[in-house]
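Let's take a walk through this protein together. Have the model open and follow along, one stop at a time.

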Amino acid sequence: MSRHIEGAVEAGQWGSGSQIERDLILTDADFTRIRELIYQRAGIVLAEHKREMVYSRLAKRLRHHGLTRFSDYLSRLERQPDAKEWEAFTNALTTNLTAFFREAHHFPLLADHIREKRDPVRIWCAAASTGEEPYSIAMTLLETLGSRAAQARVIATDIDTDALNKARAGVYPQEQVRKLDDVRVKRFFQKGTGRHDGLARIRPEVSSLVEFLPLNLLAPQWAIKGSFDAIFCRNIMIYFDKETQSKILRRFAPLMKPDGILFAGHSENFSYISDAFKLRGQTVYNLAKK
């Protein structure tokens, strides 16, 4: 049973960072506040069964600041709307599940779509996570466009700044990279040696095509401009309610070229959410003609 601990760090300033080896108090009211705050901040809908996940992830933030009650942590956040801790709060509650060439059927479709393009290709990856998806897009550009790929750009955004830092580094366990075919591994990765043994780094010719930027899809203004040949928005909409999904899709439409395509995740269906797009194939959409 959780114990109330006297002498918690006094409210008004963030703590010094010492860890307290005690049980932390998360009440039903605290959990409700957390769900409301992450929805307001990032549009993420946390289900009731996520309580244990919330506890384990945010407990690290409480201990970092020397706190024992979630209510104290949340009160401080609410009193300081511009505090940097909001970034850590959001990062903690963001799920990053990704892989190279995940949902592989999308990449041949992308290749076919861009193969004959003469203008520089621009693609937006709207949930970049730790980089596997935008780097997979960049590899597809290099394989498809050859020397013309040097003019192409992948704009890769995510709300999770910790994930973006990992993505920019472009370093992955070799066991993760080995899932790709040998040709791609040799062409697009550098094998680590010495103290980097067991790791692989994305080669510069791949990383140079990708620009990583922090972006909250709920922000009133997006710091990116179209027009995009394709937008990858995969496995992120499932964390939003239908109203939020619809708003985001309406904002995507004017950022796309007339023949642009939108890629969704395997468990996402946009057909009943927005009339801005029409289904083209398995989780692939075109702009609807007006």
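Start with a pair of helices: α3 passes α4 in a left-handed crossing. Bear in mind as you look that this is a predicted model. To describe two packed helices, you give the angle between their axes and the distance between the axes. Here, α3 (residues 70-79) and α4 pack at an angle of about 125 degrees, and their axes are 10 Å apart. Angles from 65 to 115 degrees would count as roughly perpendicular and those over 145 as roughly antiparallel, and α3 and α4 are therefore oblique to each other.

Which residues do the touching? From α3 come Y73, L74, L77 and E78, and they meet E85, W86 and F89 in α4. Sort the residues of this contact by character and you get 5 nonpolar, no polar and 2 charged.

Now for some backbone oddities. Most residues other than glycine have a negative phi, and most peptide bonds are trans. With that in mind, go to F101, in the loop between α4 (85-92) and α5 (106-114). F101 isn't a glycine, yet its phi is positive, near 55 degrees. Is its side of the story a buried or an exposed one? With a relative accessible area of 10%, F101 is under the 20% cut-off and so counts as buried.

Further along the chain, N235 has a positive phi too, about 60 degrees, and N235 is not a glycine either. You'll find N235 in the loop between β7 and α11 (242-252). The relative accessible area of N235 is 13%, so this residue is buried as well.

On the other side of β7 there's a peptide bond to look at. G226 and S227 are joined by a cis peptide bond, with omega at about 10 degrees. S227 belongs to the loop between β6 (210-214) and β7 (228-233).

Finally, zoom out to the whole protein. Its secondary structure comes to 11 helices and 10 strands, and the C-alpha trace spans about 70 × 55 × 30 Å along its principal axes. How many of the 290 residues count as buried? The share is 49%. The protein exposes about 14900 Å², and carbon and sulfur atoms supply 50% of that area. As for who touches whom along the chain, take the contacts with a separation of 6 or more: residues 24 or more positions apart account for 72% of them.

How values were computed: Residues are numbered from 1 along each chain as its sequence is written. This is a predicted model: local features need pLDDT of at least 70, side-chain atom pairs count only at pLDDT 80 or more; totals for chains, interfaces and linings use all residues. Side-chain values use heavy atoms; hydrogens and water are left out. Helices (H or I, at least four residues) and strands (E, at least two) are DSSP runs, numbered from the N terminus. Buried means under 20% relative accessible area, exposed over 50%, partly exposed in between (1.4 Å probe, protein chains only). Axes are lines fitted to C-alpha atoms, for helices over the stretch in contact, and angles run from 0 to 180 degrees between N-to-C directions. Angles under 35 degrees count as roughly parallel, over 145 as roughly antiparallel, 65 to 115 as roughly perpendicular and the rest as oblique. A crossing is left-handed if the near helix is turned anticlockwise from the far one by less than a right angle, and right-handed if clockwise. Contact means heavy atoms within 4.5 Å. Ala, Val, Leu, Ile, Met, Phe, Trp, Tyr, Cys and Pro count as nonpolar, Asp, Glu, Lys and Arg as charged, and the others, Gly among them, as polar. Accessible areas come from the Shrake-Rupley method with a 1.4 Å probe; for residues, only the protein chains shown count as cover.
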